[in-house]
Amino acid sequence: MAEGLDFDGLRPRSPFMGESHATWRAALRRWIDAHIMPFAAEWDEAGAVPRELFVQAGDFGLLGAGYPEAYGGTGRGPDYDHFHGIVTSEELSRVGAGGITAALMVHGIGLPPILALGSDEMKARVAPDVLAGRRQISLAITEPDAGSDVANLSTRAERRGDHYVVNGAKLYITGGCTSQWLTTAVRTGGPGAGGVSLLLIDAASPGITRLPLKKQGWWASDTAQIFFQDVEVPVENLIGPENGGFFGIMMNFNSERLGMASGALASARVCVEEAVAWARERRTFGKRLADHQVIRHKVAEMVRRISAGTAWLDQCAWQVAQGGTPVADLSLLKVEATNTLEFCAREASQILGGASYMRGARLERIYREVRVNAIGGGSEEIMRDLAARQLAL
Amino acid sequence: MKLLVPVKRVIDYNVKVRVKPDQTGVDLANVKMSMNPFCEIAVEEAVRLREKGAASEIVVVSIGPAQAQETIRTALAMGADRGILIQTDQDVEPLGVAKLLKAVVEAEAPGAVVMGKQAIDGDNNATGQMLAALLGWPQATFASAITITGDSAEVTREVDGGLQTLKVALPAVITADLRLNEPRFASLPNIMKAKKKPIDMKTPADFGVDVAPRLTVLKVTEPPKREGGAKVADAAELVGKLKEAGVI
Ligand SMILES: Cc1cc2nc3c(=O)[nH]c(=O)nc-3n(C[C@H](O)[C@H](O)[C@H](O)COP(=O)(O)OP(=O)(O)OC[C@H]3O[C@@H](n4cnc5c(N)ncnc54)[C@H](O)[C@@H]3O)c2cc1C
């Protein structure tokens with residue numbers, strides 16, 4: 001249960017987190033408070049995070065958290081399990097600038113397909129630079145005509161001798177303008193999921209045009225439209241078997257959804273922390289906002305949603321840690337988490353009144369990040385549909 | 001060469017300290033504690049000396065409550081090899097600390113003791129000097145640069161009007177000033193690995209040192225509140241006011 005109305009107090013104590021997670025959290029928080037927190041508003045307004053941040057995060061070990069030691073990561077074991085991953089998402093979300101996390105941790109979606117399906121040579125070529133923050137890697141799946149309906153993508157890769165020739169377009173690609181590598185989904189075979197491959201594409205290849213898109217939120221991360229015109233990609237850049245790329249896309253989803261759910265629930269905690277701090281100070285009609293029953297109920301409702309969601313998050317992560325793939329749970333958890341975020345961002349903003357509408361504070365940024373959480377990484381509609389199918393409705 | 005680095009757990013430098021209502025000291029309840037910043041600089045310097053090949057092993061020692069293990073872990077995460085905690089809930093005075101450190105030096109036989117010039121809680125600036133005296137070792141205090149060559153160390157100190165460079169024979173006690181270096185952020189993997197490095201648990205009695213206080217604190221009070229200023233019309237009025245206040 002919640003033990004206080006600040007960021008930490010709002011997290012129900014996890015039966016699955018111990019001393020190792022507390023150490024991880026404290027270390028990460030100290031680093032984030034020194035390297036990110038003071039600059040968050042500035043970077044968000046500037047629309048980018050500084051290049052040095054990637055290298056600093058690489059040196060600190062944040063980028064390598066949970067990745068194989070052979071490539072400069074921390075490895076996995078008692079000192080890095082799924083709950084350390086949750087702590088990482090939560091602490092990054094405490095900054096209240098999802099765009100910074102999206103930019104800094106973009107390899108979290110771009111790199112896993114390579115580690116899962118790529119050749120040893122490819123892993124050694126890409127992973128150490130990425131985990132050290134020297135180079136970035138984005139995941140390019142979505143297209144103008146294929147978003148939720150991933151299996152319908154139409155960017156084409158034709159094999160010609162020792163390379164593929166790629167033609168098509170990608171849309172809404174995080175880090176797309178700045179990353180050096182693109183883990184790209186292409187059609188090499190017939191229609192449907194069985195004709196999709198993954199290609200590692202050097203973003204500097206001739207024939208690639210990258211255009212930045214302006215967004216409602218997540219300003220610190222660039223989101224790109226990418227065009228491929230007769231782009232030559234060496235065949236050794238095929239990730240996994242030809243026409244076997246769909247699996248690489250799917251296997252990202254479980255950890256991505258766990259990460260997004262942790263992040264959304266932690267962002268909701270930021271909303272409550274900000275709202276409560278305000279409600280305790282601000283006076284209207286002769287008393288503190290926090291003394292008006294309507295406001296008290298708003299806070300209680302937010303705490304209720306966060307507590308339930310976070311307890312469920314811990315349960316889901318525990319199942320995943322046991323080797324399970326609770327697809328229906330993870331899908332619905334993501335819906336619950338982003339609904340909770342939406343609710344808390346709204347209610348907290350109401351509590352702050354006009355102040356919530358002024359730029360530069362965590363709550364105002366989070367409010368503008370609600371939709372990308374609810375739509376990206378599997379939209380609410382698609383998540384519910386997937387769960388219903390999994391539950392054999 | 002082995003380096004011994006003493007580290008102290010103090011109130012975090014960001015915390016705004018409050019005096020206890022009964023004026024017996026500073027309120028430590030629920031206050032964030034961290035490694036003394038000067039100790040952190042000393043640890044960093046020791047790690048850099050090892051990275052340059054001038055040292056082979058770094059032992060950190062802390063004298064304090066059980067929670068001082070966290071302070072030792074911080075040093076281990078920065079790169080120290082092992083720790084010693086001399087556990088006591090007593091607030092040990094500089095002379096007591098120096099006697100305990102002397103005993104540790106005798107057991108460990110380090111080539112040098114690198115430590116902070118002072119701790120930000122008591123601001124005594126005494127322990128390093130006392131330790132050197134008790135050991136009969138040379139001391140180089142307020143170091144802003146340290147170079148070790150063979151069996152001596154060159155230490156640069158910031159003094160009024162310039163820099164002074166001392167050459168001391170090793171073993172010696174060297175105390176670190178603020179500008180000696182900028183301590184690193186221990187990396188996440190090193191922080192996790194530090195949990196497995198050994199910490200020896202000792203008590204003052206193990207070294208036969210009596211740490212009972214020799215000093216009595218009469219009263220701790222808040223600094224006087226700043227009073228509002230006043231504007232003066234001209235220099236003559238200012239001089240008049242200053243004379244009135246008895247300052248000139
Ligand atoms: C800021 C941002 C960053 C992104 N980063 C990346 C990235 O790095 N890489 C990448 O590949 N993609 C990225 N995306 C794309 C994201 O994954 C897609 O936006 C998402 O998958 C939804 O696809 P779509 O936008 O084409 O919406 P559509 O698929 O067109 O869906 C539109 C609406 O219809 C609903 N809908 C669709 N099908 C059904 C159905 N069968 N039943 C009921 N409702 C349905 C959806 O839920 C949604 O509400 C990003 C998006 C954003 C906004």
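Visitor: What makes up 49% of the 393 residues in chain A?

Guide: Buried residues do. Buried means 20 or more other C-beta atoms within 10 Å of the residue's own, with C-beta atoms placed from the backbone; 12 or fewer is exposed, and in between is partly exposed. Note that this is a predicted model: local features need pLDDT of at least 70, side-chain atom pairs count only at pLDDT 80 or more, and totals for chains, interfaces and linings use all residues. Residues are numbered from 1 along each chain as its sequence is written, while chains are lettered from A and ligands numbered from 1 in the order written.

Visitor: How do you know whether chain A agrees with a compact globule?

Guide: Compare two radii. The radius of gyration is taken over C-alpha atoms, and the globule rule is 2.2 Å times the number of residues to the power 0.38. For 393 residues the rule gives a value near 21 Å; chain A has 21 Å, so the two agree. Along the principal axes, the C-alpha atoms of chain A fill a box of roughly 80 × 45 × 40 Å.

Visitor: What makes a set of residues a nonpolar core?

Guide: Its members are buried Ala, Val, Leu, Ile, Met, Phe, Trp, Tyr and Cys residues, joined through C-beta atoms within 7 Å. The largest such core here has 175 residues. Among the members that touch the most others are A:Leu199, A:Val272 and B:Val5. Helix H9 of chain A (residues 246-281) gives the most to this core, with 16 residues. Helices are DSSP runs of H or I, at least four residues long; strands are E runs of at least two; both are numbered from the N terminus.

Visitor: Why is A:Ala157 called a contact of A:Leu199?

Guide: Contact means that two C-beta atoms, placed from the backbone, lie within 7 Å. A:Ala157 is in contact with A:Leu199, as are A:Tyr164 and A:Ile239, leaving aside neighbours within four places in sequence.

Visitor: Where do the bounds of the domains in chain A come from?

Guide: From an automatic or database domain assignment. That divides chain A into domain 1 (19-131), domain 2 (137-243) and domain 3 (247-390). Between domains 2 and 3 of chain A, 10 residues of the former are in contact with 9 of the latter. The domain 2 side has 6 nonpolar, 4 polar and no charged residues. Nonpolar covers Ala, Val, Leu, Ile, Met, Phe, Trp, Tyr, Cys and Pro; charged covers Asp, Glu, Lys and Arg; the others, Gly among them, are polar.

Visitor: Which element gives the most to the side of chain A that touches chain B?

Guide: H1(A), with 4 residues.
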